[in-house]
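Please look over the sequence and the model shown here before reading on. The notes after it are grouped by topic.

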Amino acid sequence: KSAAVGSLAWSLRFHSERGGFYYHADFNGRSDSLHYPGFATTKPSGEEAIIAELRRGAYAIQGQAVPAEPPPEAPTLLPFSDPGAISWQGSAGASSYRVERRQGESGKWVVIATDIHDATPCQAPDATIVSALPLFSDRPGPGRWYYRVIAHNGAGDSIPSNTVEVNVGH
């Protein structure tokens, strides 16, 4: 009899510096790596429940109660010149993102999209699985626009990302 206990998540993938996640398909594309905190858009199906069970087990092994998740840290909005191609480096633990923009330096921030996910894979021309980029596309009218992104999970929102300025139609 052994007192050893544990589990192994063989392939837990991380965010890509280009936006989205790194992907790795197994079993002829029938399965994918895990992505924290779990998403309905990825394989294996039920990823959110798998991640939650791994988390519960990790604390149970230590004889500890599962602590509440903290709100995510701010994502990093990547530079762009075309608001039709917006991406960001994701925040660990974020289940979705909100995109905001304002017109001019002193305009009011307006929410233009909610529930944006960075864990949406697609198949590249060479049949590899990659992040579906850009993560968001906007088509504002002419002007000077500022964008920022806010990460969200069940515990709340992050502080806003850095801001990117774009001049449209000038």
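**The largest pocket**

The residues that line the largest pocket are Y36, P37, I51, A52, R55, E69, G93, S95, N153, G154 and A155. The model is a predicted one. The pocket holds about 160 Å³ of space.

- By type, the lining of the largest pocket is made of five nonpolar, four polar and two charged residues.
- Helix α1, which covers residues 47-61, contributes three residues to this lining, the most of any element.

**The chain as a whole**

- The protein chain contains one helix and 13 strands.
- Read from the N terminus, the order of elements is β-β-β-β-α-β-β-β-β-β-β-β-β-β.
- The C-alpha trace of the protein chain measures about 75 × 40 × 20 Å along its principal axes.
- Of the 170 residues in the protein chain, 38% are buried.

**Helix α1**

- The 15 residues of α1 should span 21 Å at 1.5 Å a residue, because the expected span is 1.5 Å times one less than the number of residues.
- The end C-alpha atoms of α1 are 21 Å apart, which agrees with the expected span.
- E47, I51 and R55 are the buried residues of α1.
- Seen down the axis of α1, these buried residues fall within an arc of 75°, so they line one face of the helix.
- A49 and A60 are exposed, on the other side of α1.
- I51 and R55 also appear among the residues lining the largest pocket.

**Strand β13 and its partner**

- Which side chains of strand β13 point to the buried face, and which to the other? V164, V166 and V168 point to one face and are buried, while E165 and N167 point to the other and are not buried.
- This alternation runs along residues 164-168, the extent of β13.
- Strand β11, residues 143-153, pairs with β13 in the antiparallel sense, over five bridges.
- Y146 stands opposite E165, a residue of β13.

**Residue V164**

- V164 lies in strand β13.
- The relative accessible area of V164 is 9%, and a residue under 20% counts as buried, so V164 is buried.
- V164 and P125 are 39 residues apart along the chain, and their C-alpha atoms are separated by 30 Å.

Note on methods
Residues are numbered from 1 along each chain as its sequence is written. This is a predicted model: local features need pLDDT of at least 70, side-chain atom pairs count only at pLDDT 80 or more; totals for chains, interfaces and linings use all residues. Side-chain values use heavy atoms; hydrogens and water are left out. On a 1 Å grid over the protein atoms alone, a cavity is a set of points where a 1.4 Å probe fits but cannot get out, and a pocket is an open set with protein on both sides within 12 Å along at least five of seven lines; lining residues have an atom within 4 Å of a point. Grid points are joined across faces, edges and corners, and a volume is the space filled by probe spheres set on the points. Helices (H or I, at least four residues) and strands (E, at least two) are DSSP runs, numbered from the N terminus. Ala, Val, Leu, Ile, Met, Phe, Trp, Tyr, Cys and Pro count as nonpolar, Asp, Glu, Lys and Arg as charged, and the others, Gly among them, as polar. Buried means under 20% relative accessible area, exposed over 50%, partly exposed in between (1.4 Å probe, protein chains only). Two strands pair if DSSP finds at least two bridges between them. The arc is that of the directions from the helix axis to the C-beta atoms.
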